[in-house]
Amino acid sequence: MAPFLSGGGLGIILGRKPTGKKMKFLLLVLVGVVHLLSLNSGKAIYGNGISQRTFQEIKEEIACYGDVAKAIINLAVYGKAQNRSYERLALLVDTVGPRLSGSKSLEKAIQIMHQNLQEDGLENVHLEPVKIPHWERGEESAVMLEPRIHKMAILGLGSSVGTPPEGITAEVLLVTSFDELQRRAPEARGKIVVYNQPYTNYSRAVQYRVQGAVEAAKVGALASLIRSVASFSIYSPHTGIQEYQDGVPKIPTACITVEDAEMMSRMASRGSRIVIQLKMGARNYPDANSFNTVAEILGSKYPQQVVLVSGHLDSWDVGQGAMDDGGGAFISWEALSLIKDLGLRPKRTLRLVLWTGEEQGGIGAFQYYQLHKANISNYSLVMESDLGTFLPSGLQFTGSDKARAIVEEVMRLLQPINVTQVFRAGEGTDINFWIQAGVPGASLLDDLYKYFSFHHSHGDTMTVMDPKQMNVAAAVWAVVSYVIADMEEMLPRS
């Protein structure tokens, strides 16, 4: 097609060099031809990043999905599919329990889900093999010996090494920040560093869980204990991944309850000497075989192009992993089920991915990205639900301003259930690889205070989940994914 885009090429076709008004007319015709060809490819239409369609035309296209959106909402919230995602989730987590990376229970859950998706009539159901970390916590305990005897609730942090069999008995150095630890570095050698960092939000507090052991080891500590990263506590430790650093000694590390961290802080402020005996049987094993679980509704017109919906199937080894992230995984499955049940087939492929190894840092998702990134131009939107499936506040979105404007129009279709807001910072551990490479990304936003009250704790069970709220979350997920997948153009990128 290249000759049609130059004056020389036009001259070849016309037998002469066009000039004046004829040239202007031909150029207008050619712009229209290129536009139509681009539309036929299903790709976002750019002219220096600007769609050739007016935004009003796009708004009108989206408004035409009003009846479809209502049908999805009615089926999910009021119809035969109501409570289905809750019931499906309860069956899995009651049967399998928590699903730690590298565990037999995770692999059992993956095989069950593979069968479930096939029986649901979804297309191209398959497992994509990956390697994931295998860590086990073993037996663990912490006992305060001074100034009084007190058995503490703890949970070892993911990838932590264990203690010697006899444990580590040492005096405590209590700090509230990394800055304080540096100021008091000479006091830390040979002690157990206890962090009582304040909780303002998750992203600020979680750095102490992730980096606490390394920073304590750098100043000669024997172990570290971190105040649980939680918005609320009823004497509940909250586990999670931590990371070691090359060249820094690996010391045992665990989380303690908010209540114990604050109690020791009060004791230390009075000048009391605090001594703890810590025992941890944690062990790291060679990486284990696992799978990302994939199912699709193939696109009717642009099957090579993808809207990806996802949640992660793995969890920590406490509770049931119902909220984190059973709910997100199952509303993602439910989105495809709703669309299939209504006999809908979008122009683009809707791809469901249930990630493995997310809790260890998106390990399975990174391998998926490496396998599929050659087709990155075909991904219109990547979606992950991993912040709870309570009553949604709206959608978090990361992408160009033009893409955001389109998503805002799509969210207007959810007015019947009053979930229309679009927030900044769409993200997810498993989809961030794509977002950082320029693909638009979306995540579900709901009650984060409630979410981080149960996050990574024994309290993450089906009791936390609400079937009616899951119905609404599934409706949002289904409407957004379907409309974006069925629009004539892909979402524009920056």
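Trainee: Why is Arg412 called exposed?

Mentor: In this predicted model, Arg412 has a relative accessible area of 56%. The term exposed applies over 50%, so Arg412 counts as exposed.

Trainee: Glu409 is described as buried; what makes that term fit?

Mentor: Its relative accessible area is 11%. Buried means under 20%, and Glu409 therefore falls in the buried class.

Trainee: What makes Glu409 and Arg412 a salt bridge?

Mentor: The closest N and O atoms of Glu409 and Arg412 are 3.1 Å apart. The cut-off is within 4 Å, so the pair qualifies. Both residues belong to helix α13 (residues 401-412), where they are 3 residues apart, about one turn of the helix. In general terms, side chains of opposite charge can pair when their charged atoms come close.

Trainee: Which residues are joined into one network by salt bridges that share partners?

Mentor: The network consists of Arg84, Arg88, Asp120, Glu334, Lys340 and Asp341. The total count by this rule is 21 salt bridges.

Trainee: Why are Arg184 and Glu187 both placed in the partly exposed class?

Mentor: Arg184 has 24% relative accessibility, and Glu187 has 35%. The partly exposed class lies between under 20% and over 50%, so Arg184 and Glu187 both belong to it. These two residues form a salt bridge, with their closest N and O atoms 3.0 Å apart.

Trainee: How do you know that Lys347 and Asp486 form a salt bridge?

Mentor: Their closest N and O atoms are 3.6 Å apart, and the rule requires a distance within 4 Å. The pair links distant parts of the chain, 139 residues apart: Lys347 lies in the loop between α11 and β12, and Asp486 in helix α16. Both Lys347 and Asp486 are buried.

Trainee: What makes β1 and β15 edge strands of the open sheet?

Mentor: The sheet has 8 strands, in the order β1-β10-β12-β11-β13-β16-β14-β15, with mixed pairing. β1 (123-136) and β15 (421-423) each have a single partner strand, so one side of each is left without a neighbour in the sheet. On average, neighbouring strands of this sheet are turned by 25° against each other, direction ignored.

Trainee: How do you know that β13 and β16 pair?

Mentor: Strand β13 (residues 379-384) and strand β16 (residues 441-445) share 3 bridges in the parallel sense, and at least two bridges are needed for pairing. Within this region, Val382 stands opposite Gly441 in β16.

Trainee: Which helix packs on the sheet and touches β13 and β16?

Mentor: Helix α16 (residues 467-486) does, and its contacts also include β11, β12 and β14 (394-398). The direction of α16 makes about 170° with that of β13. Helix α11 (residues 322-341) lies across β10 (283-297), β11 (302-312), β12 (348-355) and β16, running at about 145° to β11.

Trainee: Why is Ser315 called buried?

Mentor: Ser315 is found in the loop between β11 and α11. Its relative accessibility is 1%, and the limit is under 20%, so Ser315 counts as buried. Leaving aside neighbours within four places in sequence, its contacts include Pro98, Arg99, Leu100 and Glu359.

Trainee: What qualifies Phe232 for a nonpolar surface patch?

Mentor: Phe232 has a relative accessible area of 43%, and a patch residue needs over 30%, so Phe232 meets that condition. Together with Ile234 and Tyr449, Phe232 makes a patch of about 370 Å². Phe232 is found in the loop between β7 (223-227) and β8 (253-256).

Definitions and conventions:
Residues numbered from 1 in each chain as written. Predicted model: local features only at pLDDT ≥ 70, side-chain atom pairs only at ≥ 80, totals over all residues. Heavy atoms only, no water. Patch = residues over 30% accessible without salt bridge, like charges linked within 9 Å, V, L, I, M, F, W, Y side chains within 5 Å. Areas by Shrake-Rupley, 256 points an atom, 1.4 Å probe, with all protein chains shown as cover. Salt bridge = Lys/Arg side-chain N within 4 Å of Asp/Glu carboxyl O. Helix = DSSP H or I, 4+ residues; strand = E, 2+ residues; numbered from the N terminus. Buried < 20%, exposed > 50% of the residue type's maximum accessible area, 1.4 Å probe, protein only. Axes fitted to C-alpha atoms, helices over the stretch in contact; angles between N-to-C directions. Contact = heavy atoms within 4.5 Å.
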